[in-house]
Amino acid sequence: MQESTSPPGLKMIGLPGAAGVCEDGRMMKRGLHEKSSPDEIRARFDGDVERFSNLDSGQAATVDAPLAMELITRAAVASTTEIRRCLDIGCGAGNNTIRLLQAYGKGFDCDLCDLSRPMLERAAGRVAGFSDGTIRTFQGDFRTLRFDEEGYDVLLAAAVLHHLRDDEDWERAFAKMYSLLRPGGSVWVTDLVSHESRAVDSLMWETYATYLIELGGEDYQREVFDYIDKEDSPRPVTYQLELLRKAGFRNVEILHKNACFAACGAVK
Ligand SMILES: C[S@@+](CC[C@H](N)C(=O)[O-])C[C@H]1O[C@@H](n2cnc3c(N)ncnc32)[C@H](O)[C@@H]1O
């Protein structure tokens with residue numbers, strides 16, 4: 001793969017095509033209706049518990065994953081006067097709730113929600129080691145599960161919202177998050193993101209491809225891009241900030257953005 005001339009600090013590779021990007025520069029080839037169903041997503045994550053159970057290495061395929069987790073959990077503590085109960089949406093093996101408990105320095109009630117039963121079991125076991133509060137698990141799709149209205153001081157949604165599909169799905173999810181928070185509560189998101197401009201989107205996928213190739217080689221990069229195309233439908237962080245405001249949130253913040261990954265949040 002040929003390197004092109006690029007500014008210092010931004011090593012570019014010869015895309016598109018070579019790394020799974022369309023000829024016109026678009027990363028996603030599949031339409032929304034061709035993406036994985038919740039059952040398919042659950043089945044994949046059922047077999048991936050170990051990868052999500054390490055606080056330090058986190059998700060290697062995610063740019064700046066440990067930094068983003070630290071930022072959202074510290075922002076949650078800084079923005080929320082008292083944390084009595086938290087909901088971790090798409091909690092995986094519980095890393096983000098554990099980091100939140102560590103940042104807060106004392107226990108609180110933890111509700112953990114995930115499609116995957118093995119993920120939830122691992123998360124509940126791990127979180128119990130950090131909190132003397134009540135730990136409850138909710139297996140299923142966040143979009144259809146019932147939670148207490150205004151029942152939470154903090155919501156975490158880490159690496160999960162990219163599974164939302166059309167505009168209605170995104171708007172409903174953000175409205176639901178708003179309704180679950182107590183006034184003064186806050187929501188914090190880390191995620192894979194796309195971009196409003198096709199040109200910038202291509203640039204950022206190229207940057208991400210370079211990161212993955214350096215991490216694990218070209219076959220690994222293709223594998224990651226293939227499952228993103230199959231499973232994920234990310235939206236721009238700018239779109240998510242607008243949705244937060246539309247849902248009623250105030251103090252909407254971007255905490256971090258690097259290539260195709262961003263962290264943001266807001267206070268109710
Ligand atoms: C990439 S993992 C991230 C796990 C964890 N938040 C972390 O950052 O380590 C995404 C998780 O979200 C779960 N998930 C995906 N869509 C979901 C949905 N609609 N409702 C609940 N959980 C979902 C998956 O089962 C998976 O465990």
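This dialogue discusses how to read a helix and a ligand shell in a predicted model.

Colleague: How many helices and strands are there in the protein?

Modeller: The predicted model has eight helices and seven strands. Of its 268 residues, 42% count as buried.

Colleague: What span should helix α7 have, given 1.5 Å a residue?

Modeller: Helix α7 covers residues 218-231, which is 14 residues, so a span of 20 Å is expected. Its end C-alpha atoms are 20 Å apart, in agreement with that value.

Colleague: Which residues of α7 are buried, and where do they fall when seen down the axis of α7?

Modeller: The general idea comes first. An α-helix has 3.6 residues a turn, so residues three or four places apart point the same way. In this structure, the buried residues of α7 are Gln221, Val224, Phe225 and Ile228. Viewed down the axis of α7, the buried residues lie within an arc of 95°, and therefore line one face of the helix. Asp219 and Asp226, on the other side of α7, are exposed.

Colleague: What do the buried residues of α7 pack against?

Modeller: They pack against α6, which covers residues 198-216.

Colleague: How many residues surround the ligand, and which are the closest?

Modeller: The ligand is surrounded by 22 residues, and Phe45, Gly90, Gly92, Phe142 and Ala158 are the closest. Two or more residues of this shell come from each of α1 (38-46), α3 (95-104) and β2 (109-114). Helix α1 gives the most, with four residues.

Colleague: What is the shell around the ligand like by class?

Modeller: The shell has twelve nonpolar, six polar and four charged residues.

Key:
Residues are numbered from 1 along each chain as its sequence is written. This is a predicted model: local features need pLDDT of at least 70, side-chain atom pairs count only at pLDDT 80 or more; totals for chains, interfaces and linings use all residues. The expected span of a helix is 1.5 Å times one less than its number of residues. A residue is buried if 20 or more other C-beta atoms lie within 10 Å of its own, exposed if 12 or fewer, and partly exposed in between; C-beta atoms are placed from the backbone. The arc is that of the directions from the helix axis to the C-beta atoms. Two residues are in contact if their C-beta atoms, placed from the backbone, lie within 7 Å. A residue is near a molecule or strand if its C-beta atom, placed from the backbone, lies within 6 Å of it. Ala, Val, Leu, Ile, Met, Phe, Trp, Tyr, Cys and Pro count as nonpolar, Asp, Glu, Lys and Arg as charged, and the others, Gly among them, as polar.
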